[in-house]
Amino acid sequence: MSNASNQPLDGEVYYPDPSIVANANVRDWEALAKFAHDDLEGFWAQRAEELEWFRRWDKVLDDSNKPFYKWFVGGKTNIVHNALDRHLKTWRKNKLALIWESEDGRDHRTYSYFSVNREVNKWANLIKAMGVQKGDRVTIYLPRIPEIVFAMLACAKIGAVHSVVFAGFSVDALQGRIEDSQSKLVITADGSWVNGKIFELKKIVDEAVKRCPSVENIIVVKRTGHEVNIDPARDHWFHALAALPIASGKCPTEPLDAEDPLYILYTSGSTGKPKAILHTHGGYMVGVYTTLKYVFDIKDEDRWWCTADPGWVTGHSYLVYGPMLNGATSFMFEGGPTYPYPNRWWQCVERYGITILYTAPTAIRGLMRFGEAWPNKHDLSSLRLLGSVGEPINPEAWKWYHRVIGKGRCPIMDTWWQTETGMFMITPTPVVPLKPGSGTRPFFGQEAEILDEQGNPVPDGEEGYLVLKRPWPAMLRTIYGDDERYVRQYWSKYPGKYLAGDSARRDKDGYFWIIGRTDDVIKVSGHRLGTAEIESALVSHPAVAEAAAIGLPHEVKGNAIHAFVLLRAGHTGSLELAEELRQHVSQHLGPIAKPDEIKFVDKLPKTRSGKIMRRVLKARALGLPEGDTTTLEE
């Protein structure tokens with residue numbers, strides 16, 4: 001397939017192999033793009049009809065109260081009915097839904113769709129027995145083990161709203177999220193395995209819930225088997241509950257309104273308080289089902305591996321919900337790419353015959369450093385497609401991934417999307433020509449634009465603010481509990497257009513290139529961290545008066561956190577204090593938020609209204625011009 005005008009594309013281009021095009025789920029990209037552009041509602045209605053509804057919708061899109069869009073209005077469904085129940089009526093009942101391997105490789109578990117359903121029923125019965133009802137929030141703080149999938153699906157099945165917190169976050173981050181969501185129940189494990197060591201999950205939960213009166217019960221999964229505190233009035237071992245008669249038997253899947261909430265997921269904002277992004281059953285279901293089917297060309301014989309943690313949106317959409325909606329076989333690995341050796345992932349690809357691998361540029365760059373010998377030890381011939389997510393992938397990493405891992409024959413689906421979008425927004429499909437480092441074009445039915453500060457489209461090749469011009473089914477409905485912030489954050493800068501918070505440029509072929517965040521959010525290894533959260537953690541240390549955090553380019557992590565610290569009187573900067581502050585941030589926010597470098601300063605550049613000018617700090621650190629400094633205090 002060529003581009004619309006059939007003109008050769010500019011720059012370095014990788015054209016798809018005709019055999020890939022011949023077998024793709026979408027063979028004619030242009031025709032489908034035209035249909036979705038001309039009839040947005042018709043396109044999405046057709047996709048929704050591939051799934052099952054208890055009651056068909058009355059209206060595909062209700063845009064009468066913009067920007068509070070509603071999709072499949074009047075429709076009744078449940079994402080779990082489509083992810084599990086409907087497969088049990090077909091041959092897929094016996095198909096592998098989930099393959100899991102432990103970090104040390106000694107433990108393997110497999111689940112058919114039938115057995116996933118059995119586990120989800122058990123979990124749903126127990127969650128109900130804890131007094132959780134439709135609309136109640138449940139916080140899930142679990143490692144990458146099958147139970148996290150079952151717990152999420154069980155909440156959705158009964159109409160409860162899950163709030164998954166990444167199991168690398170520390171006490172303050174967890175407590176803030178439990179408090180904001182007013183969760184009744186917390187589901188956790190005794191601990192998790194991280195590079196052969198135990199990460200104390202239960203201990204962190206105990207500390208966090210001290211300040212969360214809404215929590216009535218805690219369910220604890222035994223994973224590491226080490227000694228933990230169990231409060232008999234509040235804490236329940238999952239294995240003990242599962243043995244009770246109350247856990248057995250079917251739990252009916254609750255018919256829900258298409259617009260009923262499915263989950264909230266916290267994402268860092270430009271102010272200290274993380275935003276709870278709200279997604280709903282109907283539109284989210286149709287969006288993730290369709291994007292995974294078309295972009296990764298999912299087939300029944302595929303073995304799909306999304307390496308993301310379920311604590312992030314990629315794990316929600318493309319490890320838990322998307323694959324099951326498509327009846328796919330998913331692989332889930334507890335560990336990371338380099339423990340104990342840098343061939344750990346390639347071992348898994350070979351052992352399980354993985355056909356599609358979807359991971360982050362950070363992981364690819366990290367593995368590149370170890371050279372080609374490690375992947376070359378393994379048979380990676382089962383792979384047919386590769387994917388990238390979480391941040392822009394630099395062309396060198398793209399080419400290494402294509403050549404060394406994909407052996408030059410696997411197209412790379414470089415996907416741009418967000419917690420807020422719920423699904424891929426700018427992405428290729430396997431039939432389009434690829435340019436290393438570009439996410440190519442918007443997904444079917446979407447239009448993107450690059451604007452200047454005043455809201456005018458910038459010429460091709462120039463950088464500007466990325467906006468989306470049309471609603472899409474998996475879009476966030478609001479920020480949970482804060483409609484005003486939702487409007488202000490995403491829809492007020494350019495009324496009627498969704499502000500992504502990323503800068504980007506478009507080339508003359510219509511391909512989009514994402515550059516990075518425009519707000520005070522740092523992307524570290526694909527994780528979004530708010531500068532305000534990092535600064536708050538620093539300032540909570542008795543030696544610190546003020547702090548500013550910035551992200552500086554890092555060849556593996558994408559960005560590294562650099563912090564500038566102003567000390568209180570009586571304290572002197574030293575290497576020991578810098579290390580103490582790094583550990584302090586790690587303790588309060590989690591190891592992923594630990595600054596790479598801490599610099600002690602006498603003053604911070606501020607505007608007259610007292611706002612720290614982080615871009616000035618960044619320019620100084622990189623030795624670049626500081627730009628307009630007329631608003632600086634001095």
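# Briefing on a predicted model: sheets, helices and selected residues

Helix α10 (residues 281-295) lies across β14 and β15, and its direction is at about 85° to that of β15. The structure described here is a predicted model. Two open sheets are covered below, one of 8 strands with mixed pairing and one of 4 strands with antiparallel pairing. The briefing also covers a right-handed β-α-β unit made by β29, α18 and β30, and the surroundings of two buried residues, Thr 359 and Leu 589.

**The sheet of 8 strands**

- The strands of this open sheet follow the order β12-β11-β8-β6-β7-β14-β15-β23, and their pairing is mixed.
- The edges are occupied by β12 (235-237) and β23 (478-479); each has a single partner strand, so one side of each is left without a neighbour in the sheet.
- Within this order, β14 (residues 261-267) and β15 (residues 275-280) pair in the antiparallel sense, over 6 bridges.
- Tyr 263 stands opposite His 279, a residue of β15.
- In general, the strands of a sheet pair through backbone hydrogen bonds, in either a parallel or an antiparallel sense.

**Helix α8 against the sheet**

- Helix α8 (residues 201-209) lies across β6 (137-141), β8 (185-189), β11 (217-221) and β12.
- The direction of α8 is at about 155° to that of β8.
- This helix is mostly covered, with 7 of its 9 residues buried.
- The buried residues of α8 are Leu 201, Lys 202, Ile 204, Val 205, Asp 206, Ala 208 and Val 209.

**The sheet of 4 strands**

- An open sheet with antiparallel pairing is formed by 4 strands, in the order β21-β22-β24-β25.
- Strands β21 (448-451) and β25 (512-517) stand at the edges with a single partner strand each, so one side of each has no neighbour in the sheet.
- On average, neighbouring strands of this sheet are turned by 45° against each other, direction ignored.
- Strands β22 (residues 464-468) and β24 (residues 498-506) run antiparallel and are joined by 4 bridges.
- Tyr 465 has Ser 503 of β24 as its bridge partner.

**Strands β28, β29 and β30**

- A hairpin is formed by β28 and β29, with 3 residues between the two strands.
- These two strands, β28 and β29, pair in the antiparallel sense over 10 bridges.
- With β30, by contrast, β29 pairs in the parallel sense, over 4 bridges.
- Ala 563 takes part in both pairings: Ala 563 in β29 is the bridge partner of Ala 549, and Ile 598 in β30 is the bridge partner of Ala 563.
- Of the 10 residues of β29, 8 are buried, so this strand is largely enclosed by the rest of the structure.
- Together with helix α18, strands β29 and β30 make a right-handed β-α-β unit.

**Helix α18**

- Helix α18 comprises 15 residues (575-589); at 1.5 Å a residue it should span 21 Å, and its end C-alpha atoms are 21 Å apart, which agrees.
- The buried residues of α18 are Leu 577, Ala 578, Leu 581, His 584, Val 585, Ser 586 and Leu 589.
- Those buried residues pack against two helices, α7 (171-181) and α17 (531-539), and against the strands β28 (544-554), β29 (558-567) and β30 (597-600).
- After α18 comes Gly 590, whose phi is positive, near 120°.

**Leu 589**

- Leu 589 lies in helix α18.
- The relative accessible area of Leu 589 is 8%; the cut-off for buried is under 20%, and Leu 589 is therefore classed as buried.
- Apart from its neighbours within four places in sequence, Leu 589 is in contact with Gly 168, Phe 169, Ser 170, Ala 173, Glu 533, Ile 534 and Ala 537.
- Leu 589 and Leu 380 are separated by 209 residues in sequence and by 37 Å in space, C-alpha to C-alpha.

**Thr 359**

- Thr 359 lies in strand β18 (residues 356-359).
- This residue, Thr 359, is buried, with a relative accessible area of 3%.
- A polar contact of 2.8 Å links the side chain of Thr 359 to the side chain of Thr 307.
- Beyond its neighbours within four places in sequence, Thr 359 is in contact with Thr 307, Trp 345, Ile 364, Gly 387, Ser 388, Val 389 and Tyr 401.

Definitions and conventions
Residues numbered from 1 in each chain as written. Predicted model: local features only at pLDDT ≥ 70, side-chain atom pairs only at ≥ 80, totals over all residues. Heavy atoms only, no water. Expected span 1.5 Å × (residues − 1). Buried < 20%, exposed > 50% of the residue type's maximum accessible area, 1.4 Å probe, protein only. Contact = heavy atoms within 4.5 Å. Pairing = 2+ DSSP bridges. Axes fitted to C-alpha atoms, helices over the stretch in contact; angles between N-to-C directions. Right-handed = clockwise from strand over helix to strand, strands pointing away. Polar contact = N/O pair within 3.5 Å; in protein donor to acceptor, adjacent residues only side chain to side chain.
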